[in-house]
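Work through the exercises below with the structure open. Try each task before reading its solution.

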Amino acid sequence: MNNTAQDQNTLEAMARALSLAARSPEVGRNPRVGCVLTDDSGNIVAEGYHLGAGHPHAEVEALGDARAKGVDTRGLTAVVTLEPCNHHGTTGPCSLALQEAGIARVVFGASDPGDHSGGGHATLSAAGIEVVPGVMAQQSEDLNTHWFFAMRQQRPFVTAKWAQSLDGRSAAPDQTSQWITGTESRHRVHEQRAQHGVIMVGTTTALVDNPSLTARTPEGGLASTQPHAVVMGHREIPETSAVRNHPGGFQQMSTHEPQRALEELFTQGFRSVYLEGGKTLMSAFVQADLVDEHHITMGPMLLGGKYLAVDDIGVETMSDAKALTISSVETLGSDIWVVATPTRAEEE
């Protein structure tokens, strides 16, 4: 087979592996990964993807698929969306599993940035296996935006969401706030909740509003994927509070330090956090430059008064302003949904 045909087969195999990776859970400790095994002609003979933490990794799933089909894995090429892992976690290292299966060549997409899980490339090369890195790497990263960020920064990716009137108020002068935004925006919020590992509020929000913080379908039922509910602050949350019965689990973090909370959540295996209020919690994360994406939804009304969506964020003058880059502006029903990211130096 000539190089042109080989390159095309490799790209097609990686495209298939990416489509498999998209079936992996979107939220969790581990990344979404797919793997296919190909023969000398570039034909896919086995495939697999990661089903989530505690389950075999994609490479092991593909090897198991080969065995189930009676395929001899010796001399095959493994095409995998992420560099094979190189450590013992809840499962063994994929770099070793590929060696033991007699895989002759490994093509992977994105490199694994993990301090403990990375290094599979070097291990495979040292074992005499041909390794081709970086094939469709950006597509692999795009499937795992929160995970890659978390592994590089050693903290979860943080999305801050709030609803406000066009004049920046989160409630009317009598403190009523239902509803500033419409049904379409609220549906989007529930979708976003399900796409994050943690949903977080402060103690005031938990005590005053008694929210359930669940992710729900447009029909009102529980979504199949639920975030883990976290209340941050020192005041005790009553045993009768709705959030204590959250289907994704509940914990209270008795701290007012955002960095400390994020470090603890990362250690627990959470890779993304969805902040939903109130303004004291939101403002603390913004002031600490620990919000990575803002989701600001605006209802078509003016409220006036003192109840602003955010409070003190450490800005005294224009030169202190928290600069943002607007990623998208979308109309949802009668509302405007803005996504913006901090304009900061590129993450290391």
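Buried area is the accessible area, taken with a 1.4 Å probe, that two parts lose on being put together, summed over both. The model used here is predicted.

**Exercise 1. The two domains**

Task: Describe how much area domain 1 and domain 2 bury between them, and what the interface is made of.

Solution:
- Step 1. Locate the parts: the domain assignment gives domain 1 as residues 1-147 and domain 2 as residues 154-342.
- Step 2. Find the spacing: the centres of the two domains, taken over C-alpha atoms, are 36 Å apart. Domain 1 brings 7 residues to the contact, and domain 2 brings 11.
- Step 3. State the area: domain 1 and domain 2 bury about 770 Å² between them, with 55% of it on carbon and sulfur atoms. On the side of domain 1, V27, R29 and H146 supply 71% of the area buried against domain 2, more than any other three residues.
- Step 4. Look for pairs: the rule finds 0 salt bridges across this interface, but 2 residue pairs in polar contact. The domain 1 side that touches domain 2 has 2 nonpolar, 2 polar and 3 charged residues.

**Exercise 2. A helix and its cover**

Task: Which residues of helix α10 are buried, and what covers them?

Solution:
- Step 1. Helix α10 spans residues 279-287, and its buried residues are L281, M282, S283, F285 and V286.
- Step 2. The cover includes strands β6, β7, β8, β10 and β11 as well as helix α9.
- Step 3. After α10 comes D289, which has a positive phi, near 55 degrees.

**Exercise 3. Two salt bridges of R188**

Task: Explain how the two partners of R188, E191 and E330, are placed relative to it in the chain.

Solution:
- Step 1. R188 pairs with E191, with the closest N and O atoms 3.8 Å apart. An α-helix has 3.6 residues a turn, so residues three or four places apart point the same way. R188 and E191 are 3 residues apart in helix α7 and are thus separated by about one helical turn.
- Step 2. R188 also meets E330 in a salt bridge of 2.9 Å, N to O. Because R188 lies in helix α7 and E330 in strand β12, this pair ties together parts 142 residues apart in sequence.
- Step 3. Buried means under 20% relative accessible area. R188, at 18%, is therefore buried, whereas E191, at 44%, is partly exposed, and E330, at 33%, is partly exposed.

How values were computed. Residues numbered from 1 in each chain as written. Predicted model: local features only at pLDDT ≥ 70, side-chain atom pairs only at ≥ 80, totals over all residues. Heavy atoms only, no water. Domains from an automatic or database assignment. Contact = heavy atoms within 4.5 Å. Salt bridge = Lys/Arg side-chain N within 4 Å of Asp/Glu carboxyl O. Polar contact = N/O pair within 3.5 Å; in protein donor to acceptor, adjacent residues only side chain to side chain. Nonpolar A, V, L, I, M, F, W, Y, C, P; charged D, E, K, R; others polar. Buried < 20%, exposed > 50% of the residue type's maximum accessible area, 1.4 Å probe, protein only. Helix = DSSP H or I, 4+ residues; strand = E, 2+ residues; numbered from the N terminus.
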